[in-house]
Amino acid sequence: MSKNILVFGEVRDGELRNVSFEAIAFARKISEDGEITAAVFGKDGLDEAANEMIYHGADRAVTVQDEKLETYTSEGYAQAALAVIDDENPDGIVMGHTSAGKDLTPKLASKLESGLVSDVTDIEVTGDNVVFTRPIYSGKAFEKKIVTDGMIFATIRPNNIAALDRDDSRSGDVSSKDVEIKDLRTVIKEVLRKTTDGVDLSEAKVVVSGGRGVKSKEGFEPLQELADVLGGAVGASRGACDADYCDYSLQIGQTGKVVTPDLYIACGISGAIQHLAGMSNSKVIVAINKDPEANIFNVADYGIVGDLFDVVPKLTEEIKNLKV
Ligand code: FAD
């Protein structure tokens, strides 16, 4: 199929989020022979990000620079995105199903009077037929969708579509588009980060999560050590957040973040349905719980019945030894 697809890259703190590269690979699956154009927005210094998008498979890139685009706002980014869409007139648009993607894309779809297939985890292309797979009922089932008419507009769940290998011998045109971003009705005065520095929870390949069984703020320290040796991020159940053991920004589940890492280690988490909604599609799930009847074992690939304060430090030591 030869369709021209526009991919929105997401720059945060000067760095492209990995899901931007996954979106290019996804666009290439939709359109083997068509042109993939990347669009990146920000305050300044976007050429590097634009070139990274090309190294990861885009054919060319468009940047929109404006100080009002320094931090994501739906109003500012929608103006930039609509101007680029107007110029490019793409057959399809792809973006990550991130907080920004979830906010921006319905707004764009409504302005463009287009449909939107959100939170896509897989795609099958046979001839002109593109079939999208997306989870429904909090991940308990999957539905398959096709777009019968009009533009293909999709958001993809991070960590499900493999990005193409980076190839810095690739080159393509990078152009800067002037867009007059009108005064924003909402102005970001300050961004207060509640998450710790390091690996982004929603894109992490390994997540070590703690529940009420962690028992205190300090109880999260061994989990952080395990996450560090595995190059992962720490998450939590709502039970742990409600008990003030950690910040709500770490919450995974129906009313928290949805993660699909390669490895999810649940420590002291019972496995309530609302928690499973955020992690049950992880590729490998390891559960550590004192209670052999805990529901989390029903979704776990590997279960360890034991006290997390014994098991987690031992795991960390073993992994450190493997790395020496
Ligand atoms: P508990 O259910 O109390 O489980 C603690 C577990 O730790 C137990 O299984 C226990 O055996 C084990 N344990 C205790 N000590 C140890 C030890 N030393 N070593 C090993 N294991 C130990 N929850 C979410 O997580 N995410 C959500 O997004 C979410 N959204 C919700 C939305 C709604 C509308 C509602 C009603 C609820 C929601 N919940 C959510 C809450 C959910 O129903 C559960 O209450 C919550 O997930 C329980 O957290 P928990 O597993 O940490 O705690």
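**Stop 1: the aromatic cluster**

Select Phe8, Phe41, Tyr72 and Tyr77; together they form one aromatic cluster. Keep in mind that you are looking at a predicted model. Searching the whole structure turns up four aromatic pairs. Now keep just Phe41 and Tyr77 on screen. Their ring centres lie 5.6 Å apart, and their planes meet at 75°. Planes over 60 degrees apart count as edge-to-face, so that is the label for the pair Phe41 and Tyr77.

Next, colour by secondary structure. Which elements hold the two rings of this pair? Phe41 sits in strand E4 (residues 36–42). Tyr77 belongs to helix H3 (residues 74–88). The two residues are 36 apart in the chain, so the pair links distant parts of it.

Turn on the surface. Are Phe41 and Tyr77 buried or exposed? Phe41 has a relative accessible area of 4%, and Tyr77 has 10%. Buried means under 20%, so Phe41 is buried and Tyr77 is buried too.

**Stop 2: H3 against H4**

Stay with Tyr77 and show the whole of H3. Add helix H4 (residues 99–112). The axes of H3 and H4 are 10 Å apart, at an angle of about 50°. That angle makes H3 oblique to H4. The crossing of these two helices is right-handed.

Now show side chains. From H3, pick Ser74, Glu75, Tyr77, Ala78, Ala81, Leu82 and Ile85. From H4, pick Asp103, Leu104, Lys107, Leu108, Lys111 and Leu112. These residues make the contact. Notice Tyr77 again: this residue of the aromatic cluster also takes part in the contact of H3 with H4. How many residues of each class does this contact hold? Eight are nonpolar, one is polar and four are charged.

**Stop 3: H5 against H8**

Hide that view. Select helix H5 (residues 221–229) and helix H8 (residues 308–323). Their axes come within 9 Å and cross at roughly 25°. Angles under 35 degrees count as roughly parallel, so H5 is roughly parallel to H8. H5 passes H8 in a left-handed crossing.

Show side chains once more. On H5, choose Pro222, Leu223, Glu225, Leu226 and Val229. On H8, the partners are Leu308, Phe309, Val312, Leu315, Thr316, Ile319, Lys320 and Lys323. Colour this contact by class. You should find nine nonpolar, one polar and three charged residues.

Key:
Residues numbered from 1 in each chain as written. Predicted model: local features only at pLDDT ≥ 70, side-chain atom pairs only at ≥ 80, totals over all residues. Heavy atoms only, no water. Axes fitted to C-alpha atoms, helices over the stretch in contact; angles between N-to-C directions. Helix = DSSP H or I, 4+ residues; strand = E, 2+ residues; numbered from the N terminus. Parallel < 35°, antiparallel > 145°, perpendicular 65-115°, else oblique. Left-handed = near helix turned anticlockwise from the far one by under 90°. Contact = heavy atoms within 4.5 Å. Nonpolar A, V, L, I, M, F, W, Y, C, P; charged D, E, K, R; others polar. Phe/Tyr/Trp six-rings, centres within 6.5 Å; stacked < 30°, edge-to-face > 60°. Buried < 20%, exposed > 50% of the residue type's maximum accessible area, 1.4 Å probe, protein only.
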